[in-house]
Amino acid sequence: MPTIEVVRGDITAQQVDAIVNAANESLLGGGGVDGAIHRAAGPRLAEAGSALAPCPPGDAKATPAFDLDPPVRHVIHTVGPVWEGGAHGEAEVLASCYRRSLAVADELGARTVAFPAIATGVYGFPAEQAARIAVSTIRSTPTGVELVRLVAFDEATRALLAAALDG
Ligand code: APR
């Protein structure tokens, strides 16, 4: 099981082998964390992403990290569920995002991976439930990844992730 840590910060500033992007199916970029990662990685990220698209919700696909600073070598793009009230399989799709991202990290040989709070922004997934799913799924997924860093952009998300980690 990987060590899981929670930090508050910008995912593009993390010193890890791979960062996970909360993307949309086009893998062309967007707002939120997706926009920040595309700005930091440069225009080749959208070119590489579009060649792999579409990425269905719950799946994950990797591209190089392009202009992101070393040691980051890979961006793992995953597509969260759009929240539609919770009775449309949203929790299972979100768990799949974490499982599939770890599987892709294993294929890449990444040992350290940073995740944002997938689906909790534009896609509207309730942050507390998302934090519990993130931690429980990472804990129950067999992986060679040694460190998972959960990166919260705001204090409220950091506190929810920290509570899920302690729970
Ligand atoms: N670093 C870390 N976390 C960030 C950053 C950043 N630089 N910028 C935003 N976040 C946080 C948000 O505060 C939120 O907690 O990432 C979390 C996920 O929010 P979104 O980026 O809105 O992602 P999501 O809810 O999965 O929506 C995906 O948004 O723009 C798009 O293309 C993307 O259409 C897709 C949708």
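The exercises below work through the ligand site and the backbone of a predicted model.

**Exercise 1.** Describe the shell of residues around the ligand, beginning with its members and then turning to the elements that supply them.

*Solution.* Begin with the count: the ligand is surrounded by 21 residues, and the closest of these are Asn24, Gly31, Val33, Asp34 and Val122. Next, sort the shell by residue class, which gives 10 nonpolar residues, eight polar ones and three charged ones. Then turn to secondary structure, where strand E2 (18-23) and helix H1 (32-41) each contribute at least two residues to the shell. Of the elements, H1 gives the most, with four residues.

**Exercise 2.** Find which polar atoms of Asn24, Gly31 and Val33 lie opposite oxygen atoms of the ligand, and state how much of the ligand the protein covers.

*Solution.* Take the residues in turn, bearing in mind that a polar contact requires a pair of N or O atoms within 3.5 Å. For Asn24 the partner is a side-chain N or O atom, which is 2.7 Å from an oxygen atom of the ligand. For Gly31 the backbone is used instead, since one of its polar backbone atoms is 2.6 Å from a ligand oxygen. Val33 likewise contributes through a backbone N or O atom, at 2.8 Å from an oxygen atom of the ligand. On its own the ligand has 710 Å² of accessible area, and the protein covers 90% of this. As a last step, consider the space that the ligand takes, which is the largest pocket.

**Exercise 3.** Locate the cis peptide bonds at Pro54 and Pro71, and the positive phi of Phe66, within the fold.

*Solution.* Start with what is usual: most peptide bonds are trans, and most residues other than glycine have a negative phi. Against this background, Ala53 and Pro54 are joined by a cis peptide bond with omega at about 0 degrees, and Pro54 belongs to the loop that runs between helix H2 (44-52) and strand E3 (60-64). A cis bond also links Pro70 to Pro71, with omega near 10 degrees, and Pro71 is placed in the loop between E3 and strand E4 (74-79). Phe66, although not a glycine, has a positive phi of about 50 degrees, and this residue too is found in the loop between E3 and E4.

**Exercise 4.** Relate the annotated domain to the secondary structure of the chain.

*Solution.* First consult the record: an unreviewed UniProt entry carries the annotation "domain: Macro" for residues 1-167. Then examine residues 1-167 in the model, where the chain is 38% helix and 20% strand, with the end C-alpha atoms 17 Å apart.

Notes
Residues are numbered from 1 along each chain as its sequence is written. This is a predicted model: local features need pLDDT of at least 70, side-chain atom pairs count only at pLDDT 80 or more; totals for chains, interfaces and linings use all residues. Side-chain values use heavy atoms; hydrogens and water are left out. A residue is near a molecule or strand if one of its heavy atoms lies within 4 Å of it. A polar contact is a pair of N or O atoms within 3.5 Å; within protein, one must be able to donate a hydrogen and the other to accept it, and residues adjacent in sequence count only if both atoms are side-chain atoms. Accessible areas come from the Shrake-Rupley method with a 1.4 Å probe; for residues, only the protein chains shown count as cover. On a 1 Å grid over the protein atoms alone, a cavity is a set of points where a 1.4 Å probe fits but cannot get out, and a pocket is an open set with protein on both sides within 12 Å along at least five of seven lines; lining residues have an atom within 4 Å of a point. A molecule sits in a cavity or pocket if more than half of its atoms lie within 2 Å of its grid points. Ala, Val, Leu, Ile, Met, Phe, Trp, Tyr, Cys and Pro count as nonpolar, Asp, Glu, Lys and Arg as charged, and the others, Gly among them, as polar. UniProt positions are given in the numbering used here, feature names are shortened, and annotations may be inferred rather than shown by experiment.
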